[in-house]
Structure formats: C-alpha cells, structure tokens
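Colleague: I should like a close look at a single helix of this model, set in the context of its chain. Please state the cut-offs behind each term.

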Amino acid sequence: MSLAINYIANSLLILCLVTSIIQSRFLFRIQNYNLLSLSQISAIQFLSILVSFVILIFLFITSDFNFDLVYFHSHSEKPLIYKLSGVWGNHEGSMLLWILILVLFNFLFSLSRSSSQKFKEITVAVQSLMIFGFVLFLLVLSNPFNINNENFNDGLGLNPILQDPLLAIHPPILYIGYVGFSLIFSLSITGLLTSEVDKKWATIAKPWVFAAWSFLTAGIALGSYWAYYELGWGGYWFWDPVENASLMPWLSATALIHCVVVLQRKNTMQSWTMVLAILTFSLSLAGTFLVRSGVLNSVHTFASDPGRGLFILIFLFIILSSSFLLFALKSEKIDKPFSHNISSRNTGIMVNNWLLISILIVVFLGTMYPLATDLLYNQSLTVGPQYYAMSITPIIILFLFFMILSPQLSWGESKLLKILNEMRYILVSCLTITFLTTLYYDLFNITEILIILLSLILIMSSLSSGLNFKSTKVIVKSNFGQSMAHAGFGIFMLAVVSNAVYSQEKIYDAKVGSKLQLDEYIFDFKNIEQEEKVNFNSIKAYLSLSKSGKDLGEFTPEIRFYSDPPTITSETSIIHQFFSDVYVVMNVPQNQESISLRLHIKPFMNILWLGVVMIILGGIITVILNRNNYRENEIN
Amino acid sequence: MKLIKFLPLIIIVVVCIFFFFSLNNDTTKLSSPLVGKEVPEFSVDRLLSNETMTNKDLISDRPIILNIWSSWCIPCRAEHDVLMVLSELYDVDIYGLNYKDNEVEAKKFIEGLGNPFKKIGVDTSGRSAIDLGVYGVPETFVIRNGIIMYKHIGPIHMNELDEKILPMIKGL
C-alpha cells in the first residue's frame with residue numbers, strides 16, 4: 001500500500017516535470033506543439049502537484065509512519081489541526097507547498113485575459129522553468145514521499161512550540177506572498193526579453209503585485225503576532241535573522257508597488273521597476289531557503305543540510321545572475337526618456353524608494369554582519385535592536401515626511417505653498433494635539449515628538465484624501481486603498497513609538513499569596529498547580545489583575561515540559577484592554593521557594609495591530625478597485 | 001552610466017560567493033564559550049558524604065559526565081532515567097552537581113529514583129554553577145582531561161544520548 005502511494009506520488013511529480021518542460025518551450029522558440037492549449041497544460045501541471053499535496057495531507061491525517069516524513073514530524077495523539085500543519089511544518093512538506101503555490105499562480109495567470117497571447121506564453125515559460133528546477137530539487141534531494149522499511153508504532157512529533165493555530169496558517173499565507181512575487185519576476189523577465197515594459201505591462205502586473213504584497217504583509221504580521229504572545233519575550237519584533245529575511249522582501253516590494261503605479265500613470269521608472277521586481281523575488285527566495293539551509297542560524301531553523309543548501313544556492317545563483325545580466329543588457333532599450341518636474345509626485349515616490357532601499361541596506365548589513373565576523377574571525381556575535389533603532393529612526397522620519405507630501409503633489413507640477421494652504425486645518429489641529437500630548441505626558445524627546453506629529457498628519461491627510469465628505473454621504477474615491485494603507489502606517493508608527501516609550505516590565509521572585517505591583521496594576525498571586533497532560537506536564541500559576549479596586553480578569557501563565565521531543569515552552573497569559581495589553585510570563589523555576597514572574601505592560605498593542613490590518617486591507621482594496629476600473633474600461 | 005546597470009549583478013555575485021563560504025561554516029560548534037576550555041576551579045561539599053568535591057575530581061583521561069540537577073526541576077526527573085541507563089550499561093563516571101536545592105529533598109530524590117552518580121556536589125548558592133556558565137537545570141557536560149568537550153542544555157533524551165554523548169564516550 002505504502003509502496004503504491006510512493007509510486008503514484010512520484011509519478012505525479014514527474015508528470016509535473018514533463019509538463020513544465022513542455023511549457024517552457026516558448027523560451028526556445030519551439031512552436032510546433034499544439035495538442036493541448038497553454039492553459040490546459042498549466043491545469044495538468046497544477047493538478048499533478050495538487051493531488052500529490054492532498055496525498056501528503058492524507059498520509060499525515062492517517063498517521064502512516066511508513067513514510068519518513070510522517071514518522072519524523074507527526075504523532076498519532078496530535079490534534080487534527082496540528083497533524084495538518086505538520087504537513088508544512090518541515091522542510092520537505094513546505095517545499096511541496098511552495099511548489100503548489102508556484103503552479104497555482106502559473107495556472108491562474110494562464111487563465112487571465114489581460115495580456116497578449118505571446119506575452120502570456122513567455123511568462124508561463126519562464127515560470128515553468130522555475131517550477132522545473134524546484135520539482136527536480138524536491139524529487140532528488142528532499143522527497144517528501146520517502147518510505148522506511150520499519151514498523152514504527154508512533155511518530156517523533158512536531159516541535160511543540162510550533163503547535164499553535166496561528167502558526168498553522170502563518171506559513172501558507174507568507175508563502176503565497178513570497179511565491180506571488182515569482183509571477184512578478186516572470187512578468188519582468190518577459191518584459192525585458194520582449195523590450196515591452198510600459199503602461200500596458202504595469203496594467204497587467206498591478207493586481208498581482210498588490211495581491212502578493214498584501215499576502216506578504218499579512219504573513220509577516222501573523223508571524224509577528226505569534227512571536228508576541230507565544231514566545232513571551234515581551235515584544236512583537238526582535239530583528240531575528242529570520243524576521244529580517246521576511247522584512248527585506250517586504251521593503252523592496254513596497255518600493256515596487258509604488259513604481260508600478262508610476263509606470264502605469266507616467267510610463268517612466270522602467271529600470272527601477274525591473275530591478276525591484278527581480279530583487280523582491282531574490283529576497284523572497286533567500287528568505288525561504290537560506291533560512292533552511294543552515295546559513296542563517298536562529299530559533300526558526302528547523303532543517304539544516306548543507307547538501308540542500310548548495311543546490312539551492314547554485315539554483316538561486318543561476319536564476320538571479322542571469323536575470324540581472326539580462327537587465328544590464330536590456331535596460332537601455334526599455335528606459336523611456338521622461339522629463340518630470342522636480343515638484344511632482346514622481347519625485348516624492350523616487351525619494352521614498354531610496355529611503356526604503358536605505359532601510360533595506362541597514363537590515364541587510366545587520367543580518368549579514370554576524371555571518372561575516374563568524375566567517376572571517378571565527379567569532380559569534382549578534383547585532384542588537386539598538387543598532388536597528390538608531391539607524392532606522394532618522395530614515396523613518398524622512399520617510400513619513402515624504403509619505404505626507406507625495407500624495408498631495410500632482411503627477412504634473414505643483415506649488416508647495418498651495419499644498420500648505422490646502423492642508424492648513426490638518427496641520428494646525430495636528431500641531432495642537434501633539435503639543436497637548438507633549439505637555440500632558442511630559443514628552444521631551446525630539447525624535448518621539450516628531451514621529452508622533454508626522455504620523456498624526458499622515459493619518460489625517462490620508463483619510464481626507466481617500467474619502468470625499470459631502471453634506472450627507474461619504475464617497476469612496478478610487479485611491480481609497482492607498483489612503484487606507486497610508487493611514488494604517490501612520491497609526492502603526494504612532495503605536496510603535498508610544499509602545500516603545502510607555503512599555504513597562506518588572507521581574508518578581510514571587511511566592512503564592514503575595515501581591516505584586518506594576519504601575520497602577522495589582523497582581524494577586526493566588527495559586528500554583530502542577531498538571532499532567534497527554535504529551536506534557538505543566539506548572540500553572542493563577543494571578544488576578546486589578547486596577548484601583550476594579551477586577552480586570554485572571555492570568556494563567558504556564559510552563560510546559562513536553563516529553564516528545566523534550567522541550568520546555570512558556571505560555572504567556574495576556575489580558576487585552578483597549579489601550580494596553582498586560583501580560584505575565586513565568587520563567588522556568590530556578591529554586592524551590594519562589595517562582596520568577598515577568599510582568600509587562602504593553603500600551604497601544606491593539607492600535608498597532610489595527611494599523612497593520614489597515615495596511616493589509618489597503619492592499620486588498622486596491623486589487624478590488626483596480627479590477628472594477630479594469631472592467632469599466634473594458635466596457636467603455 | 002552603463003556600468004551602473006551591472007551593479008545589481010555584481011552585488012548578487014558577491015553575496016552568493018559569501019553565502020557559499022558560510023554554507024560550509026558550522027556555527028553550532030561554537031554553542032558554548034566554555035567548550036574547549038578547562039573546567040573552572042570549584043570546591044563544594046558532597047551530598048552523601050562529608051568530604052568535598054573539587055574540579056580535580058573531574059580530571060581523568062577517560063571521558064566523564066557532569067550533570068547539573070535539582071529535585072524541584074521536573075525535566076531533571078524525566079532525564080534521570082537516561083542517566084540511570086547510562087551508568088548501568090556503560091563504563092562511564094557520572095558526577096552530579098545539585099543546584100540550589102534543599103538537602104532533604106535532594107536525598108529523597110536520589111533514594112526514590114536511584115543514584116547514577118559517583119559523587120554529588122552540593123551547590124546551594126549556585127555560585128559554582130555560574131562559573132560553569134549554567135543557564136538553568138538540567139545541563140550536562142562531557143569532560144576529558146579536565147577539558148570541557150561538549151555541553152548540553154536541557155534534559156538529555158535518548159536521541160542526544162545515541163547521537164552525541166555515546167559516540168564521545170566510545171570514541172575518545
């Protein structure tokens with residue numbers, strides 16, 4: 001039975017290889033094959049991977065330990081949802097998921113009707129060439145369907161820290177974002193090959209870029225939210241190499257979406273668009289694979305095999321060097337001369353592109369520096385959050401300033417005084433609010449005040465430009481997605497700064513019955529219990545929270561000792577309030593008399609997540625509004 | 001002007017070469033700064049005897065194991081079986097360091113679960129453990145000729161025993 005499944009699954013993967021070769025024929029100018037249409041072959045390509053993915057899911061659900069992958073990463077007593085997430089909670093399975101999304105995008109694009117047949121053929125060919133490489137890698141070096149000849153009664157389980165509902169959906173969402181940029185990459189290669197990078201190209205690419213960007217943003221946000229409440233380290237972003245690896249493509253993608261808009265409107269910034277499209281995908285690939293290959297070491301690394309790393313590196317090198325070489329040779333042809341005024345929106349976007357690239361370089365250096373010292377001097381070190389905070393803060397201030405200014409500028413030429421005049425109400429009200437807050441909260445740090453002021457102006461100006469307030473009703477304008485995302489970013493920055501300033505933390509060695517205090521909150525340590533569960537033992541503390549005599553709820557922080565594999569996890573307990581999150585983390589007991597508890601007050605966390613959600617929604621709204629506009633244009 | 005178009009290509013090539021060399025660079029071997037160094041000096045009372053245990057006890061030309069444990073530490077209980085297996089099946093000396101514990105509880109723990117240790121030192125204050133760079137209990141060191149060969153943080157499971165610790169004991 002297992003052997004039969006192994007044969008079927010492998011044949012499906014080989015079928016995908018064959019169809020990918022057929023699909024990539026357009027790159028080599030072979031046209032004499034017309035048995036099936038482009039989209040029909042793409043459908044076969046997609047279905048072959050889909051079915052093998054479903055087979056893998058089936059193997060995990062039925063706990064078939066004859067398969068190595070199931071044996072190493074699942075356990076019969078695991079809840080169904082974690083058996084399911086176990087499918088992509090390992091290297092081989094996540095590779096298959098990655099390929100599934102790759103072929104899905106290829107299939108969807110082959111169905112789309114926005115581009116010419118020739119353009120579509122080449123794009124699908126480029127995409128299929130990549131699919132070929134990845135499926136080959138899967139078959140040869142990380143086959144998820146390898147079987148063992150032993151009779152194992154039970155599996156070795158999944159890392160308990162990964163047993164979390166959020167983490168079950170975090171990888172798929174992030175992958176849709178990452179892989180979405182593979183299509184943008186293929187579109188760019190096609191544009192370079194045919195020397196057609198113009199308004200038409202931007203119109204084809206725009207919905208895909210915005211969709212991929214929204215998923216990437218959501219994927220990063222989910223990961224960050226998971227780290228916030230599961231790891232219990234008292235923050236939402238740690239500048240960990242793996243987090244940075246996902247932030248870098250995001251920064252580049254954010255610059256890219258703005259370039260695509262400029263390209264669509266003004267038929268300029270061709271080179272920028274091409275470089276950013278290739279860069280974003282390069283960083284996405286590096287983000288997924290180098291993390292797994294043992295180059296970057298962090299808490300996230302869960303498969304480390306230099307052999308695989310080498311294949312991926314060579315594959316990456318071939319894709320990236322050939323595409324950048326293509327760019328270097330072709331860029332003269334695609335660039336259209338365009339003289340734009342210094343005070344136009346193009347300039348603003350150009351400045352912010354450079355700022356985003358600067359942040360990207362800061363993050364890149366911070367991530368690479370420990371690797372370099374390790375390689376050159378054999379010294380292990382880590383780059384702390386201080387480095388990032390100090391180098392990124394001044395860039396962010398400039399970035400906010402141009403984020404406010406650029407949307408106010410017209411695509412042609414604008415008078416700065418006129419803009420200042422139009423914004424007078426917003427400016428005055430924001431200055432007043434900032435002034436009052438500064439006095440009320442005793443804020444005297446100039447950077448903080450500046451960021452708060454600029455964020456406020458950004459929120460107000462974005463909202464007022466996306467909505468048209470008429471006497472009785474509110475009209476949503478076509479740039480509503482943009483203004484939503486920009487306002488979201490303002491809210492996010494506001495929350496980040498306030499959170500950094502007002503976060504409080506205290507560590508107590510507490511005994512049962514004691515009352516702990518942090519700020520105005522009283523923590524009443526009531527009880528501690530030991531429990532034995534199916535696959536772990538736990539120590540659970542019970543604390544109740546009150547503020548000025550009012551009861552606010554109960555904390556149950558917990559330490560879990562998993563046996564299979566042996567791991568200790570700390571379960572954070574959070575009480576969410578509108579303006580601040582209060583939470584308690586228990587440390588592993590270090591002596592018998594007392595328990596060490598860490599108490600945190602994290603203000604404005606809800607508002608921070610609200611900002612992030614608005615940014616994501618902004619991207620999605622842009623895709624939807626763009627689609628409607630496209631339909632309207634077709635009708636006209 | 002034309003040259004700048006090749007800039008991304010050059011950067012990619014440099015970064016890839018850099019990654020290539022990082023790939024073969026095993027970063028896990030540097031897990032503890034103490035690995036490869038001598039066991040720091042210490043002298044502590046013993047749990048089941050009136051003598052003292054010092055770092056000189058750990059100097060032997062055969063590999064020996066030093067385990068830091070506590071009776072209040074739940075993972076140590078889980079790990080204890082593995083230590084018992086190790087002491088009964090293999091010819092290896094295991095030393096214990098009882099960390100921030102109560103003497104009565106520690107004795108009860110050993111009486112109840114068995115004693116795999118040749119000598120047990122008592123570190124009530126945790127002072128000696130700090131010198132050894134202990135983060136928390138349990139932790140296990142493999143020591144030969146007074147030099148720390150390997151350090152494991154957290155409970156030892158049969159996996160680590162088979163893959164890491166046994167090869168060191170047999171191979172050295």
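Modeller: What follows describes one helix of chain A, and then the chains around it.

This is a predicted model, in which local features need pLDDT of at least 70 and side-chain atom pairs count only at pLDDT 80 or more, while totals for chains, interfaces and linings use all residues. Residues are numbered from 1 along each chain as its sequence is written, and chains are lettered from A and ligands numbered from 1 in the order in which they are written.

The part chosen is helix α9 of chain A, residues 241-266. Helices (H or I, at least four residues) and strands (E, at least two) are DSSP runs, numbered from the N terminus. The expected span of a helix is 1.5 Å times one less than its number of residues. For the 26 residues of α9(A) this gives 38 Å, and the end C-alpha atoms are 38 Å apart, which agrees.

A residue is buried if 20 or more other C-beta atoms lie within 10 Å of its own, exposed if 12 or fewer, and partly exposed in between, with C-beta atoms placed from the backbone. Of the 26 residues of α9(A), 23 are buried, so the helix is largely enclosed by the rest of the structure. Arg265(A) also belongs to helix α9, but this residue counts as partly exposed because it has 13 C-beta neighbours inside 10 Å. Between Arg265(A) and Trp250(A) there are 23 Å in space, C-alpha to C-alpha, for a separation of 15 residues in sequence. Just after the helix, Asn267(A) takes a positive phi of about 55 degrees.

Helix α2 of chain A may be set beside it. α2(A) has 24 residues and reaches 35 Å from its first C-alpha to its last, close to the 34 Å expected at 1.5 Å a residue. Its buried residues include Ile41(A), Phe46(A), Ile49(A), Phe53(A) and Leu56(A). The buried residues of α2(A) pack against α1, α3, α4, α5 and α6 of chain A. Just after α2(A), a positive phi of about 50 degrees is found at Ser63(A).

As for confidence, pLDDT is the predictor's confidence in each residue, from 0 to 100. Chain A averages 85, and 90% of the residues score at least 70. Among the elements of chain A, helix α2 has the highest mean pLDDT (94) and strand β2 (residues 474-476) the lowest (70). Over residues 297-304 of chain A the pLDDT is below 50, yet this stretch has 14 contacts in the model beyond near neighbours in sequence. Two residues are in contact if their C-beta atoms, placed from the backbone, lie within 7 Å.

Chain A as a whole holds 18 helices and 12 strands. Of its 636 residues, 44% count as buried. Residues 24 or more positions apart account for 74% of the contacts in chain A with a separation of 6 or more. An automatic or database domain assignment supplies the domain bounds: domain 1 (1-158), domain 2 (418-502 + 609-635) and domain 3 (504-605). Five residues of domain 2 of chain A are in contact with four residues of domain 3 of chain A. Helix α17 (residues 480-502) gives the most to the domain 2 side, with four residues.

Chain B, finally, has five helices and seven strands. Of the 172 residues of chain B, 33% count as buried. The C-alpha trace of chain B spans about 80 × 35 × 30 Å along its principal axes.
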